[in-house]
Amino acid sequence: QCAAFTITRKSRVLFQAGLLNFASGHVQLAQVGVVNMARRITGVQIGLLNWAGNNSGVFRLTPGINMHF
């Protein structure tokens with residue numbers, strides 16, 4: 001998915017790119033944008049602010065890059 005704002009409720013997303021990316025399901029590859037949010041990620045997030053629900057502690061919300069494999 002590529003757009004200014006990408007918001008999805010799908011259970012699985014491979015890639016999102018935009019200013020604001022939100023996935024209520026599982027992102028499997030990457031999110032690239034200014035703000036990235038995913039309930040569950042297996043891959044990387046690149047942006048100003050990144051939130052991955054399946055990361056623990058301080059790694060859940062990170063600036064720059066966030067990853068979970």
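**A four-strand chain, view by view**

Of the 69 residues in this protein chain, 38% count as buried. Keep in mind throughout that this is a predicted model.

**View 1. The whole chain is built from strands.** There are 4 strands and 0 helices here, so reading along the sequence gives you the pattern β-β-β-β. The radius of gyration comes out at 10 Å, close to the 11 Å that the globule rule gives for 69 residues, so the chain is as compact as a globular protein of that length. If you boxed up the C-alpha atoms along the principal axes, you'd need roughly 30 × 25 × 15 Å.

**View 2. Here is the outside of the chain.** The protein chain exposes about 4,100 Å². Carbon and sulfur atoms supply 70% of that exposed area.

**View 3. Five residues form the largest nonpolar core.** Look for Ala23, Val27, Ala38, Ile41 and Ala52, which make up this core of 5 residues. Strand S2, running over residues 12-41, gives the core its largest share, with 4 residues.

**View 4. Ala38 sits among its contacts.** Ala38 is one of the residues of the largest nonpolar core. Leaving aside residues up to four places away in sequence, Ala38 touches Ala23, Val27, Gln31, Gln45, Trp51, Ala52 and Gly53. Among these partners, Ala23, Val27 and Ala52 also belong to the core.

**View 5. Contacts across the sequence.** Take the contacts in the protein chain with a separation of 6 or more: residues 24 or more positions apart account for 5% of them.

Technical notes: Residues numbered from 1 in each chain as written. Predicted model: local features only at pLDDT ≥ 70, side-chain atom pairs only at ≥ 80, totals over all residues. Heavy atoms only, no water. Helix = DSSP H or I, 4+ residues; strand = E, 2+ residues; numbered from the N terminus. Rg over C-alpha atoms; globule rule 2.2 N^0.38 Å. Buried < 20%, exposed > 50% of the residue type's maximum accessible area, 1.4 Å probe, protein only. Contact = heavy atoms within 4.5 Å. Areas by Shrake-Rupley, 256 points an atom, 1.4 Å probe, with all protein chains shown as cover. Core = buried A, V, L, I, M, F, W, Y, C linked by side-chain atoms within 4.5 Å.
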